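Visitor: I would like a close look at a single part of this structure, namely its sheet and the core around it. Please describe in one connected account how the strands are arranged and what surrounds them.

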Amino acid sequence: MGQLRQILFKFYFRAERLLTPGLRNAQYAYRETLKEKLSADTLWLDIGCGRRLFPDWMPGGQAEQDALQQKLRTSFGIDPDVSSVRDNRFVRNRVVGDSASLPFESDSFNLLTANMVVEHLAQPQAVLLEARRVLKPNGIFLFHTPNSRSYATLLARIVPAGFKVWLIGLLEGRKEEDVFPTLYRMNTPQQVEQLAKAAGLKVIELRRVESSAQAVMLGPFVLFELLWIKLLRLSSLENLRSNLIVILQKS
């Protein structure tokens with residue numbers, strides 16, 4: 001399986017360079033945005049901190065985490081999964097808890113983040129209200145999440161849960177323990193704007209971003225996905241791009 005995976009990825013990267021030059025995973029756009037918002041004085045809470053800050057497949061991901069850790073005086077993280085919190089070596093102050101009921105005082109942080117977490121929230125309105133409470137005035141909540149209007153998310157919503165776990169393992173190499181139920185209750189631009197307004201937060205940035213193809217392990221079928229991604233580069237189709245990067249602010 002390992003050799004087949006290498007062959008398929010080699011085929012994919014050649015096709016990617018030919019059909020969609022410059023294409024990269026949306027995690028890079030999130031990482032760049034995050035780094036712009038961090039300074040030595042940042043009081044930062046990572047919601048749904050999981051096992052790591054960036055995916056382990058990202059080249060230089062661990063080095064980036066180490067550099068950020070040296071830059072920051074401290075960092076906080078919260079996640080409901082005990083094993084994930086235990087394994088996280090980036091966040092210095094880790095808490096097992098619910099993002100809809102944050103165990104922190106009001107006006108504690110000037111930056112909140114959530115990387116591929118919002119799609120799992122059962123109560124996004126409650127989470128936004130808590131975000132507003134713990135943010136300092138002019139503090140921001142940066143999150144990266146799938147766009148529920150994208151082709152990949154639409155397919156994911158109709159796939160049975162058991163089959164989805166197997167499929168994610170095949171396509172992304174993720175372990176079953178790192179696959180969680182998705183609800184997509186704040187995953188369109190309209191949902192973000194409505195829920196943010198109701199929580200008293202201002203949308204200061206909402207980007208629809210492309211991401212690398214997901215059907216790499218399906219061989220030649222990935223060509224159709226790449227052609228679709230190329231088509232989505234048209235501004236008229238940007239609402240169908242795969243990911244959202246959002247910044248909300250407490251005014």
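**The sheet and its core**

Guide: In this predicted model, the largest nonpolar core has 29 residues, and those that touch the most other members are Leu45, Leu112, Leu128, Phe141, Phe143 and Leu248. At least two residues of this core come from each of β1 (44–47), β4 (109–115), α5 (124–134), β5 (135–146), α8 (189–199), β6 (201–209) and β7 (243–250). A second, separate core holds 21 residues, including Ala26, Leu38, Cys49 and Leu142.

The strands may be considered next. An open sheet of 7 strands runs in the order β3-β2-β1-β4-β5-β7-β6, and its pairing is mixed. At the edges stand β3 and β6; each has a single partner strand, so one side of each lacks a neighbour in the sheet. On average, and with direction ignored, neighbouring strands of this sheet are turned by 15° against each other. As a general principle, strands of a sheet pair through backbone hydrogen bonds, in either the parallel or the antiparallel sense.

Let us now follow the order of the sheet, beginning with β1. The pairing of β1 with β4 is parallel and extends over 3 bridges. Within this pair, Asp46 is placed opposite Thr113 of β4. On to the next pair: β4 and β5 also run parallel, joined by 6 bridges. Here Leu111 faces Ile140 of β5 as its opposite residue. Between these two strands the chain passes from β4 through α5 to β5, a β-α-β crossover that is right-handed. Ala114, in turn, stands opposite Phe143 in β5. As for its surroundings, β4 has 6 of its 7 residues buried, so this strand is largely enclosed by the rest of the structure.

After β5, the sense of pairing is antiparallel: β5 and β7 are paired in this way over 7 bridges. Ile140 has Gln249 of β7 opposite it. Strand β7 is itself mostly covered, with 7 of its 8 residues buried. On to the edge strand, β6 and β7 run antiparallel and are joined by 8 bridges. In this pair, Val203 has Leu248 in β7 as its bridge partner.

Leu248 deserves separate attention, as one of the core residues that touch the most other members. Leaving aside residues up to four places away in sequence, Leu248 touches Leu128, Gly139, Ile140, Phe141, Phe143, Val192, Ala196, Leu201, Lys202 and Val203. The helix α8 packs on the sheet and touches β5, β6 and β7, while its direction makes about 165° with that of β6.

Finally, one may turn to the loop between α4 (82–87) and β3 (93–96), where Asn88 has its place. The relative accessibility of Asn88 is 1%, and because buried means under 20%, this residue counts as buried. Its side chain reaches the backbone nitrogen of Phe90 at 2.9 Å. With residues up to four places away in sequence not counted, Asn88 touches Cys49, Gly50, Arg51, Arg52 and Arg94. Among these, Cys49 also appears in the second core of 21 residues.

Key. Residues numbered from 1 in each chain as written. Predicted model: local features only at pLDDT ≥ 70, side-chain atom pairs only at ≥ 80, totals over all residues. Heavy atoms only, no water. Core = buried A, V, L, I, M, F, W, Y, C linked by side-chain atoms within 4.5 Å. Buried < 20%, exposed > 50% of the residue type's maximum accessible area, 1.4 Å probe, protein only. Helix = DSSP H or I, 4+ residues; strand = E, 2+ residues; numbered from the N terminus. Contact = heavy atoms within 4.5 Å. Pairing = 2+ DSSP bridges. Right-handed = clockwise from strand over helix to strand, strands pointing away. Polar contact = N/O pair within 3.5 Å; in protein donor to acceptor, adjacent residues only side chain to side chain. Axes fitted to C-alpha atoms, helices over the stretch in contact; angles between N-to-C directions.
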